[in-house]
Every structure is written in C-alpha cells, then in structure tokens.
Amino acid sequence: MLVTIIRSPRKISGTIIAPPSKSMAHRAVLCAALAEGRSHITNLEFSKDISATLGAAAQLCARVRTGADDAVVEGLGHFVPLAAPVDCCESGSTLRFLIPIASLTGQAVTFTGRGRLMERPQSVYEALYREQGLRFEQSAAGLTVEGALTPGSYRLAGNVSSQFISGLLFALPLLAGDSTLHLIPPVESRSYIDMTRAVQAAFGVESRWQDENTLVLPGGQTYHPCDYTVEGDYSQAAFPAVLGAACGSVTITGLAPDTLQGDAAILDILRRCGAVFTRTAEGISFEKAPLHGVDIDLADCPDLGPVLMVLGLLCEGTTVIRNAERLRLKESDRIAAMEAELRAVGGLVESEGGTITVQGCADRLHAPAGVLHGHNDHRVVMSLAVLSLATGIPLTVDDAEAITKSWPNFFEAIKPLGAEVEHVR
C-alpha cells in the first residue's frame, strides 16, 4: 500500500491518545493463558503482533474471546494437542516468549512466521536446548522444539535481546525446582526484564534479583487469573512526541508517569535536546523550542532508533546514537533502511556498526525524487510520516500497511494533528 503524507495548511496541533503498550499486552496475554481460569485484559490494540500472541494462546492452552478493545482469556490449566504449527506472524516477541513455554507442552511444537522472522537469530535458545539434549531445529520454513527444559542454573549473555530472558522467566517458575538466571554483563534492556516480572507478579508469579546480574526464580509456582489493564505505549508515543518537540502544540494522553517501560527514555532524550513540555493530569503537552543534537545510548530502548534518527535531522548540530546494533536484526535492517530513506530527502546520516551519526540539516531537506520505501517495517513507515509532518515535505511511502503490526490506527490518529493522508492504492 502506498500513502502520501502531507501537512495541512494549518499548523501542527492537537491531542493524541497513546495506544496500549504492545510490550505489556504480550506479557499479560501469556500470563493469563498460563493461569487456570478467567482473566479480563482491557485497553488492547489488536495489532498483528498482539493478534499473533492471542492466536498462539488459543492454540496452546486457553480460550480467547475478544471485544472492541479487550479480551477475555480463560486459561485451561493444561496444554492441548496441537493440530497445526503456531503462526507467530512477524512477531519476535511472540516467538521468543513461546519457545521456552513450548517445552512445557510434552509435544513437538513447530512455529512459523513471515517476513524476516525466521531469519532472526535464536542462537541463545539453540545453545540451551543443545546443552540439555533437546530438539531444536530452525530453517527458513519454521522452527521446531521438543523436550522439557529442566530447572537449575542458566547462564546467558546480558547484551542479547531481553526477549530470550523473558521467555525463560515465563516458563521456569512452572517447573518443580528452583532456577537462577546468571546474566553476563553488561545487562541491556533491563527495563524489559522488569516489565515481564511486574506483569508476572500481577498474575501471582514472583522472581527476584539476587544481585544486579542474577535472577532467582522459585519453582513450583502457578499463574493466577486476574483483571489487567494495559498502560499506554511510550515507544509508539515517541512518534507524536518528536513531532511535538519540533513543532509544538501537541498533547499526548494515556501515558503512566510511573511506568517501567524503557522507551519512556524518549522524554529524557527530548528534554536533553532542548524540548519544552509539561506533564499534567491531562497528559504531556509540547511547546515549540529550538532543538540541538545530543549523545544517545540506545541499549535500553532500541525501538526508539528510527524516530531518533529523524529527530537528529531536526536538531542543530550532531546527534550520535550508540549501542544500536540490534536495529539491524528487526523487521528490517533499521539502520540501513533509515539511512537510505533519509538520504533520499537530503539527510546527512552515517553509521559504523551500531553507532549512527546524524547531522542536523532540517533547512536543507528536500522532496525526494520518487517514492520512499517503508521496508515492510512499521517503525520506518511511522518515522517517515513524522519527518513529513515536521518538515512540511510531502512524502509518498510504500509498504505503509506495515503499521498494522503495532499501531493499525496510526494514520487516522495523526490526522487531527494536521496530517493529510492519501491512500494511493
């Protein structure tokens, strides 16, 4: 699908509601599915990723009934025989959270996916499964695991995706014995680990940090059903936040001030760039202010990478984004994808490994020679939309349907802020 984004003649202004946190929703759905009994999860956005997790839960161990923005998940208290592979669509969280859970089912479980999902590395799990003599087979067609993980001491790198750590957190407390996770420092994305632990605690499963690198997971635990409301998503709110910082007059509602989400770092990053905003009971309101480049560590908030590259173009001076290596292993190589599209409008962007350098050049940007590419990546598409609105340069972007992966209503949500969105086909 092609869309053209145009800033309307009036200035950017208005209020936008942050969509529900995709990260928290994944975790709540799985905890509810592993519990025996009825849980009601409210404030859901049925993106493709969340739909994949709900579908997997229904295949494995739960009955699921969805409403307009909620779901009732009734955990069966046992796993059911699988009649078909579990389709994770393009959701890395769904796949990596479910692999250890699959070891509890007593059967071979095959996962399938789309896009680049089956190309994304699973070496952490593969090594653990091989060490325990369990089946782990991965190909472009799918991934199959079989055999039960055992309780005990696990040692894994702390600078890998936290999704591996969260997957073990979901499964190991259900084993008979106690387990420990020793994370080899540096431990990145710690906030995502603590988000998993917080949602688990709401469903009655506990773990604790023994020290800054060691998690203790008591065995013999059970998940208990509960009612859970998903909080607003800071990673998605980053798109209107960058727009508000550059243009002013944007208010974002629905964001919890006491969140564990690592992507809440967007507010501190914007503040350091010179953004002016105030937080009230109604939301976070931005005023127009001159912005300047800063040094950004992306280790704990990798999903912010694409929109921060746009931010760098809108700032005076140089923005350096470090520890961004994992951006190359997402739905696209997000570093290469954003470099290509930003250069097409005159952006000055360079990268070496996981370090990205962006030169502020908002006054020198120009309309591209043709269509920009969304690279089948929701965060690339949404970042380019922010660029168009902040600069006033109309942009036509392909693969725009990629937004359905995380924020299906994105284009409708930005229209009241001053966006005109034309669907070319």
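This is a short talk on one sheet and on two binding-site residues in a predicted model.

I'll start with the sheet. Three strands make it up, in the order β22-β1-β23; the sheet is open and the pairing antiparallel. β22, residues 395-397, and β23, residues 419-423, are the edge strands, each pairing on one side only. From one strand to the next the twist averages 25°. Helix α11, residues 378-391, packs on this sheet and touches β1, β22 and β23. The direction of α11 makes about 30° with that of β1. As for the pairing itself, β1 covers residues 3-7 and is joined to β22 by three bridges. T4 has T396 in β22 as its bridge partner.

Now the binding site. The UniProt entry, which is unreviewed, lists K22, S23, R27, S161, S162, Q163, S189, D303 and K330 under "binding site". The lining of the largest cavity includes K22, S23, R27, S161, S162, Q163, S189, D303 and K330. I'll take two of these residues.

Q163 is found in helix α5, residues 162-171. Is Q163 buried or exposed? Its relative accessible area is 12%, and the cut-off for buried is under 20%, so Q163 counts as buried. Beyond its neighbours within four places in sequence, Q163 contacts G92, S93, R96, F97 and Y125. With R96 there is also a side-chain polar contact of 2.9 Å.

D303 lies in a loop, between β18 (295-297) and α9 (305-314). D303 is buried as well, because its relative accessible area is 15%. Leaving out residues up to four places away in sequence, D303 touches Y192, S235, D263, K330, R334 and R379. One of those, K330, is also on the UniProt list.

Terms used:
Residues are numbered from 1 along each chain as its sequence is written. This is a predicted model: local features need pLDDT of at least 70, side-chain atom pairs count only at pLDDT 80 or more; totals for chains, interfaces and linings use all residues. Side-chain values use heavy atoms; hydrogens and water are left out. Two strands pair if DSSP finds at least two bridges between them. Helices (H or I, at least four residues) and strands (E, at least two) are DSSP runs, numbered from the N terminus. Axes are lines fitted to C-alpha atoms, for helices over the stretch in contact, and angles run from 0 to 180 degrees between N-to-C directions. Contact means heavy atoms within 4.5 Å. UniProt positions are given in the numbering used here, feature names are shortened, and annotations may be inferred rather than shown by experiment. On a 1 Å grid over the protein atoms alone, a cavity is a set of points where a 1.4 Å probe fits but cannot get out, and a pocket is an open set with protein on both sides within 12 Å along at least five of seven lines; lining residues have an atom within 4 Å of a point. Buried means under 20% relative accessible area, exposed over 50%, partly exposed in between (1.4 Å probe, protein chains only). A polar contact is a pair of N or O atoms within 3.5 Å; within protein, one must be able to donate a hydrogen and the other to accept it, and residues adjacent in sequence count only if both atoms are side-chain atoms.
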